[in-house]
Amino acid sequence: MGFSSSWLWSLLFTAGSLLFAGCQQEALQIDYGYHSPNQDSRIQYLIVHYTQLDDVQSLDELTRPESRVSAHYLLSREEQRGQPTLYALVPESQRAWHAGVSHWHGAQALNASSIGIEIVNLGYDTTEANLPLTQRHWQAYPPAQIHTLATLLQQLVSRYQITPTRLLGHSDIALGRKVDPGPQFPWHQLYERYGLGAWPDEKRVMELMNVEPSSPSIAQIQHMLLRYGYGITPSGTLDDDTRNALIAFQLHFRPARCDGTPDRETLARLQALLEKYLPAN
């Protein structure tokens, strides 16, 4: 006994209608009339890097799928009409892949909570990679590049209410693994001229250095570094992790000496920063 074609088409139409209806999403009744003040931006940190590549190579590396790295912004070294080009590569609402394994103030994996800014700068010659940081030849940052960067940072700080101790270099959050943006990066200039980031009061640094020194123990130094934000585990010994944290601190706040030695000036700068931005309860 066979089926009529009209009956078969009716069956197929009914089945198709039921399938389509099952795929439709149910409309939700959402009330947008309430607003909770208990929130803040997911963007908590601004991280500055250098590319260690030229303009063309940097743009290629940050946009090529196989590289698996990206940044929200790339700032060129080459200038057009006196200004470098600022490339917006990843929307600020999206997570860029720039920080890698990273730590700051107990937070980890900072890609999820930061904006990454790559600056075209060669850093140091790769043939000098085995030399101490203080013996390498570092490329300087042109004034126009820093001015454009400062303008961008000012806007981002205002937009996301970034506190001074959360404007950081890659070296701050990736101890022993990264040294960018390097000792030529003008952190002090950003603070002094543009009001960006953290910097110790120089008068207070001198006062602390002129006080009869009572050298803190290694454990105390480690707790000071940890309290400021560096991702170390206090061990009580001057181990590699502690030296790497001191190097990162010096790259940011004492670039003339970034050898990981806890000398008097380094400790005075660390103490002055803690007093200024993170006073003890």
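**The second largest pocket**

Select the residues that line the second largest pocket: nine are nonpolar, four polar and three charged. In this classification Ala, Val, Leu, Ile, Met, Phe, Trp, Tyr, Cys and Pro count as nonpolar, Asp, Glu, Lys and Arg as charged, and the others, Gly among them, as polar. The structure is a predicted model, in which local features need pLDDT of at least 70 and side-chain atom pairs count only at pLDDT 80 or more, while totals for chains, interfaces and linings use all residues. Residues are numbered from 1 along each chain as its sequence is written, and side-chain values use heavy atoms, with hydrogens and water left out.

The lining of this second pocket comprises 16 residues, and S214, S215, P216, L267 and Q271 lie nearest its centre. The pocket holds about 360 Å³ of space. A pocket is found on a 1 Å grid over the protein atoms alone, as an open set of points with protein on both sides within 12 Å along at least five of seven lines; a cavity is a set of points where a 1.4 Å probe fits but cannot get out; lining residues have an atom within 4 Å of a point. Grid points are joined across faces, edges and corners, and a volume is the space filled by probe spheres set on the points.

Next, colour α6 (202–210), α7 (218–228) and α9 (264–277), each of which supplies at least two residues of this lining. Helix α9 gives the most, with four residues. Helices (H or I, at least four residues) and strands (E, at least two) are DSSP runs, numbered from the N terminus.

**An aromatic pair and the cavity**

Stay with α7 and select Y228, together with F253 in helix α8 (residues 240–253); this pair links distant parts of the chain, 25 residues apart. How are the planes of the two rings placed? The ring centres are 5.9 Å apart and the planes stand at 85°, so the pair is edge-to-face. Rings of Phe, Tyr and Trp (its six-membered ring) pair if their centres lie within 6.5 Å; planes under 30 degrees apart count as stacked, over 60 as edge-to-face and the rest as tilted. By this rule there are 10 aromatic pairs.

Y228 and F253 also help to line the largest cavity, with W104, P164, T165, L167, L168, W187, G197, A198 and H252. Strand β7 and helix α8 are the elements that give two or more residues to this lining. The space inside is about 40 Å³, and the structure holds one cavity of 30 Å³ or more. Its lining has eight nonpolar, three polar and no charged residues.

**The sheet**

From β7, widen the selection to the open sheet, whose five strands stand in the order β3-β2-β6-β1-β7 with mixed pairing. Two strands pair if DSSP finds at least two bridges between them. The edge strands, β3 (83–88) and β7 (167–169), each pair on one side only.

Zoom in on β1 (residues 45–50) and β6 (residues 114–119): these strands run parallel and are joined by six bridges. Within this pairing, L46 has I115 of β6 as its bridge partner.

Then compare β2 and β3, which pair in the antiparallel sense over five bridges. Here L74 is partnered by Y87 in β3. The two strands form a hairpin with two residues between them, and R81 in the turn has a positive phi of about 55°.

**The largest pocket**

Select the 23 residues that line the largest pocket; Y50, V69, E118, H170 and K178 are the closest to its centre. The volume of this pocket is about 510 Å³. Which element gives the most to the lining? Helix α2 does, with three residues, and β1 is among the elements that supply at least two. By class, the lining has eight nonpolar, 10 polar and five charged residues.

**Three places in the loops**

Finish with the backbone.

- D180 and P181: a cis peptide bond joins them, with omega about 10°. P181 is in the loop between α4 (170–173) and α5 (187–194).
- A109: this residue has a positive phi of about 50° although it is not a glycine. Look for A109 in the loop between β5 (107–108) and β6.
- Q161: here phi is positive, about 55°, and the residue is again not a glycine. Q161 lies in the loop between α3 (143–160) and β7.
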